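Here is a briefing for a reader new to this structure. Look over the sequence and the model before reading on.

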Amino acid sequence: MCAAPGLMGLIQMDRQRTRCALRLPLAEVRRKRRLGLGLAVTAVVLSLAGCSSLGIQGKAANGFLPEGATEGADRVRSLWIGSWIAALCVGVLVWGLTIWCMVAYKRKKDDPPLPVQLKYNVPIEILYTIVPIFMIGVLFYYTDRDARELTSVKQTPDVVVNVIGKQWSWDFNYVTGNAHEAGTQAQLTGKPGVEKTLPTLYVPIHKRVEFQLTANDVIHSFWVPVFLQKLDMIPGRVNTFQVVPTREGTFAGKCAELCGAYHSRMLFNIKVVSQAEYDQHIADLKAQGNDGLLPPSVLRTPIIPQDQNKLTTEGN
């Protein structure tokens with residue numbers, strides 16, 4: 001008889017503790033919301049700061065892409081902006097229909113508890129199936145068309161450069177010029193002027209440049225943000241693409257594939273210069289003893305037979 005009241009009392013006390021735990025003060029809720037908003041804003045600011053440091057923060061007119069420095073950049077920008085316009089149109093349509101349904105079919109006081117149940121509306125189900133397939137098909141067509149054009153190497157290049165990615169730096173074989181440059185890992189001291197010590201790749205302006213990409217150890221990715229395109233570098237394989245630089249300047253480049261402990265230090269510069277300055281750079285490399293090309297034997301993984309014809313191993 002004595003156990004029952006004690007048990008009921010414990011149950012009531014437990015319920016009270018539960019209600020107290022769930023009833024947070026309004027000020028506490030607001031404080032946590034402000035903290036969450038502050039963290040979100042901080043993350044966005046840091047992301048934009050990182051983009052700015054690489055020179056990849058663009059304007060709204062360019063779809064927030066960096067200003068392109070190659071002929072193919074316009075194609076990438078058009079595809080990017082067109083895709084966003086199509087996505088926003090679909091979003092506005094879906095949001096509009098959703099809000100309209102919420103307003104038009106809001107439950108009224110005199111409505112029955114359970115609304116009329118509809119099913120097997122074949123025309124609408126067919127519409128909901130065909131329209132998304134059509135949208136994906138259109139997006140796939142334009143993406144495939146532009147990707148094929150951007151990676152095409154059918155035209156004869158004016159300059160050929162074999163870029164070798166390695167942990168955690170870059171080697172450049174100037175096939176056209178018969179010279180090479182071996183890079184060393186960047187030493188990020190946090191002080192101004194570090195970018196001047198990075199491996200620097202020279203290419204002439206308004207000339208068709210072919211990049212032959214190989215990797216020495218693990219998968220890397222050759223990325224120059226102002227080119228608006230990048231391509232993986234896979235051990236044993238050769239990936240190629242061509243660009244025509246249209247703007248002189250020194251631009252940032254980096255590895256865009258997580259490749260180990262010092263991936264963040266795998267940086268380089270690319271300088272788009274006049275033909276005379278490019279020729280002078282090749283002459284300077286030869287004067288420093290960097291005549292000739294680094295042989296394929298420097299690669300840990302041999303190039304597979306079907307890709308060997310893609311790699312030029314003799315300078316000209």
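The points below cover a sheet, the helix on it and a pair of cysteines.

This is a predicted model. It holds an open sheet of five strands. A search of the whole structure finds zero disulfides.

**The sheet**
- The strand order is β3-β2-β1-β5-β8, and the pairing is mixed.
- Strands of a sheet pair through backbone hydrogen bonds, either parallel or antiparallel.
- β3 (179-182) and β8 (239-243) are the edge strands. Each has a single partner strand, so one side of each is left without a neighbour in the sheet.
- From one strand to the next, the twist averages 20°.

**Strands β1 and β5**
- β1 covers residues 159-166 and β5 covers residues 209-215. The two run parallel, joined by seven bridges.
- Val163 stands opposite Leu213, which lies in β5.

**The helix on the sheet**
- Helix α5 (residues 275-287) packs on the sheet. α5 touches β1, β2 (169-174) and β3.
- The direction of α5 makes about 75° with that of β3.

**The cysteines**
- A disulfide is a covalent bond between the sulfur atoms of two cysteines.
- The closest cysteine sulfur to that of Cys255 is in Cys259, 3.9 Å away. The cut-off for a disulfide is within 2.5 Å, so 3.9 Å is too far for a bond.
- Cys259 is in no disulfide, and its nearest cysteine sulfur is that of Cys255.
- Cys255 is buried, with a relative accessible area of 1%.
- Cys259 is buried too, with a relative accessible area of 4%.

Key
Residues numbered from 1 in each chain as written. Predicted model: local features only at pLDDT ≥ 70, side-chain atom pairs only at ≥ 80, totals over all residues. Heavy atoms only, no water. Pairing = 2+ DSSP bridges. Helix = DSSP H or I, 4+ residues; strand = E, 2+ residues; numbered from the N terminus. Axes fitted to C-alpha atoms, helices over the stretch in contact; angles between N-to-C directions. Contact = heavy atoms within 4.5 Å. Buried < 20%, exposed > 50% of the residue type's maximum accessible area, 1.4 Å probe, protein only.
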